[in-house]
Amino acid sequence: MARTPEELDAEWAEAFNAGDGEKLLGLYEPGAAFVLPNGDVIEGVENIAQAVGGFFALKPRIDLQTRRVIRAGDTALVYSSWTVTG
């Protein structure tokens, strides 16, 4: 499991590329927020599961690169760029 925010994208991409929704969702706190490609923000692991679950049937590959990490106390915001193929 990722020990620092900088390790998160690599672990997320590994789970996504393996189609391992359980591992991917395990990276999120219960009240986590997720920004969709259109800019909408969804909250909560159940909603995140619905948003990414449909992708797994397509067997996509993601290239995910950490661009910036902002820390505030025990919270971190990870900015990433990504490309999905498949």
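Two strands are said to pair if DSSP finds at least two bridges between them. In this predicted model, strand β3 (residues 61-72) and strand β4 (residues 75-85) meet that description, pairing in the antiparallel sense over 11 bridges. One of the matched positions is easy to look up: Val69 has Val78, in β4, as its bridge partner. The hairpin formed by β3 and β4 leaves 2 residues between the strands, and Gly73 takes a positive phi there, near 65°.

Val78 turns up again at the largest pocket. It is one of the residues that lie nearest the centre of that pocket, together with Leu8, Tyr28, Ala33 and Phe34, and the whole lining comprises 35 residues. Two or more lining residues come from each of α1 (5-18), β1 (33-35), α3 (45-53), β3 and β4. Of these elements, β4 gives the largest share, with 8 residues. The volume of the pocket is about 1,300 Å³. Sorted by class, its lining has 25 nonpolar, 5 polar and 5 charged residues.

Helix α1, which also contributes to the pocket lining, offers a friendly check on helix geometry. At 1.5 Å a residue, its 14 residues should span 20 Å, and the C-alpha atoms at its ends are 21 Å apart, so the two values agree. Several residues of α1 are buried, namely Pro5, Asp9, Glu11, Trp12, Ala13, Ala15 and Phe16. The buried residues of this helix pack against α2 (21-25), β1, α3, β3 and β4. After α1 comes Gly19, which has a positive phi near 70°.

Technical notes: Residues are numbered from 1 along each chain as its sequence is written. This is a predicted model: local features need pLDDT of at least 70, side-chain atom pairs count only at pLDDT 80 or more; totals for chains, interfaces and linings use all residues. Side-chain values use heavy atoms; hydrogens and water are left out. Helices (H or I, at least four residues) and strands (E, at least two) are DSSP runs, numbered from the N terminus. On a 1 Å grid over the protein atoms alone, a cavity is a set of points where a 1.4 Å probe fits but cannot get out, and a pocket is an open set with protein on both sides within 12 Å along at least five of seven lines; lining residues have an atom within 4 Å of a point. Grid points are joined across faces, edges and corners, and a volume is the space filled by probe spheres set on the points. Ala, Val, Leu, Ile, Met, Phe, Trp, Tyr, Cys and Pro count as nonpolar, Asp, Glu, Lys and Arg as charged, and the others, Gly among them, as polar. The expected span of a helix is 1.5 Å times one less than its number of residues. Buried means under 20% relative accessible area, exposed over 50%, partly exposed in between (1.4 Å probe, protein chains only). Contact means heavy atoms within 4.5 Å.
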